[in-house]
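Work through the exercises below with the sequence and the coordinates open. Each task is followed by a solution in steps.

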Amino acid sequence: MTLHIPFDNSYARLPEGFAAHLPPTRVARPSLIAFNHRLAESLGITGTRDMTDDDLAALFSGNALPDGAEPLAQVYAGHQFGGYSPQLGDGRAHLLGEVLAPDGRRVDIQLKGSGPTPFSRRGDGRAWVGPVIREYLVSEAMHALGIPTTRALAACRTGEEIIRERPLPGAVFTRVASSHIRVGTFQYFANLQDRTGLQTLFNYTVDRHYPDAESPTDLLRAVIRRQAALVMQWMSVGFIHGVMNTDNCTLSGETIDYGPCAFLDAYDPRKVFSSIDTFGRYAYAAQADIIVWNMAQLATALIPLMPDQEAAVESFTKEVHAMPELLQAEWLGRFAAKLGISDPREEDGALIGELLQLMQAGGSDFTNTFAALTRGSARDEIADRSAYDDWHRRWQSRLTEEDDTQAVLSAANPLVIPRNHRIEEAIQAATDGDDSLFNRLRDALATPHEVSEQNQWLTRPPKEDEVVTATFCGT
């Protein structure tokens, strides 16, 4: 069967100022790490199972362009750790094009680490194998957890070394996304005072993601809702994005850019993993505040589209100021489910908060403590057993008012997550050319609510000498 990718590249048809059109840079000796055939088939991509690994590697390293691809690098701006950069853009990525899937979805296919672009800012445009392994494993794990996310289609080695703190093996990652439209994309045109470009972007975004939105207010309100739900889904599984810049915040409401991301081991709301987050801007508990801040930046960028800008400021301010209440409701729903409560009440927040305080005080493992609630063994995870016993009595009393709590608990509390020390082990092995641990993790993370006897090791928290204290971005 001949390879067929059903491209229909609407972003490539936007005006010139939206992107730079150029091909990926060829690599020396591409070889395949992994290809997601199931995802490809769900997108209507056919013929990949008949291709050799070498052919797939050539295609998804950028050495060979598939029929219908129109590669480009998108331009955008963004606040990075609070500081505004008026032009960022894809400095090491090429959007090959968009696919119209059989179910009607339109998705982007993008290569990351595919060479320099006009937006590279003196960078080499490349990626090394570590960030590629991390994004493949974590994005697919997030998908299995039911959290909106970009997906992993392929990972390839380039056969070249790139220089970071030392020479490292190069790699290219192929990402699938509902789109790559970011808050920073709107900021770019607003900062230029390009109202025509801003209106074009608004129309395009509405057509692609929010067809019921009739105004910028409708769009802002819809994006706020999606982002509030997304961030609370992150927090319910202990995920820390690590770099919630506005250029990493999508209008589609998907998780994007798995750079210095990590999952909590011991519960600590102040926990930061990113090596560059010196002041804890993107700490675990800070993510709720930051998403409100990001939505305020989107609101600011949309104001030029409003006929009465003074009234728009007042209206948009109300929308943004209402977001913390929306986040609180999302938090209550997600964390109540982790206690087996499907119909939460406001007072359940205190019950949730008390358990989290016990976990924090004793350094309890986030994932394992909630998983143990499902098995009835959470007492073993808490240092202050007497305080836990008191909490447990009140929790059990509350559950008498609920139905089917076991099913709710099981659905809300995964057993297997991409633990930081296991990801680092897989990266180290892959750096040395061994993909076996990557493959084991990829398979186990596909079923996060099941754990086989062979995979019990994946539920173990890190030993003292295994603790990952810092994670790094992908550049």
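The exercises cover ring pairs, charges over rings, helix packing, backbone angles, cysteines and distances.

The model is predicted, so local features are restricted to pLDDT of at least 70 and side-chain atom pairs to pLDDT 80 or more, while totals for chains, interfaces and linings use all residues. Residues are numbered from 1 along each chain as its sequence is written, and side-chain values use heavy atoms, with hydrogens and water left out.

**Exercise 1. Aromatic pairs**

Task: State how many aromatic pairs the structure holds, and classify the pair of Y136 and F438.

Solution.
- Step 1. Apply the criterion: rings of Phe, Tyr and Trp (its six-membered ring) pair if their centres lie within 6.5 Å; planes under 30 degrees apart are stacked, over 60 edge-to-face, and the rest tilted.
- Step 2. The count is 20 aromatic pairs.
- Step 3. For Y136 and F438 the centres are 5.3 Å apart and the planes make 75°, so the pair is edge-to-face.
- Step 4. Locate the partners, taking helices (H or I, at least four residues) and strands (E, at least two) as DSSP runs numbered from the N terminus. Y136 belongs to helix α3 (residues 129-144) and F438 to helix α15 (residues 436-445), so the contact ties together parts 302 residues apart in sequence.
- Step 5. Check exposure: buried means under 20% relative accessible area, exposed over 50%, and partly exposed in between (1.4 Å probe, protein chains only). Both Y136 and F438 are buried.
- Step 6. Ring pairs also join Y267, Y284, W331, F335, F366 and F370 into a cluster.

**Exercise 2. Charges over rings**

Task: Find which rings have the charged ends of R182 and K271 over them.

Solution.
- Step 1. The test requires NZ of Lys or CZ of Arg within 6 Å of the ring centre and within 35 degrees of the ring normal.
- Step 2. R182 places its charged end over the ring of Y76, at 4.3 Å from the centre.
- Step 3. K271 does so over the ring of F273, at 4.9 Å from the centre.

**Exercise 3. Packing of two helices**

Task: Describe how α3 and helix α14 (residues 420-431) pack.

Solution.
- Step 1. Axes are lines fitted to C-alpha atoms, for helices over the stretch in contact, and angles run from 0 to 180 degrees between N-to-C directions.
- Step 2. For α3 and α14 the angle is about 135° and the axes are 9 Å apart.
- Step 3. Angles under 35 degrees are roughly parallel, over 145 roughly antiparallel, 65 to 115 roughly perpendicular, and the rest oblique. The two helices, α3 and α14, are therefore oblique to each other.
- Step 4. A crossing is left-handed if the near helix is turned anticlockwise from the far one by less than a right angle, and right-handed if clockwise. The crossing of α3 and α14 is right-handed.

**Exercise 4. Positive phi**

Task: Place R121 and D404 in the chain and give the phi of each.

Solution.
- Step 1. Most residues other than glycine have a negative phi.
- Step 2. R121, not a glycine, has a positive phi of about 50°. R121 sits in the loop between β7 (106-112) and β8 (127-128), and its relative accessibility of 54% makes it exposed.
- Step 3. D404 has a phi near 55°, again positive in a residue other than glycine. The loop between α12 (385-399) and α13 (405-412) contains D404, which is exposed at 57% relative accessible area.

**Exercise 5. Cysteines**

Task: Count the disulfides and decide whether C156 and C261 are buried or exposed.

Solution.
- Step 1. A disulfide is a pair of cysteine sulfur atoms within 2.5 Å. The count is zero disulfides.
- Step 2. C156 has a relative accessible area of 0% and is buried. C261 is buried with a value of 5%.

**Exercise 6. Sequence against space**

Task: Give the C-alpha separations of A141 and R151, and of T431 and P71.

Solution.
- Step 1. A141, in helix α3, is buried at 2% relative accessible area. A141 and R151 are ten residues apart along the chain and 9.4 Å apart between C-alpha atoms.
- Step 2. T431, in helix α14, is buried at 16%. T431 and P71 are 360 residues apart in sequence and 29 Å apart, C-alpha to C-alpha.
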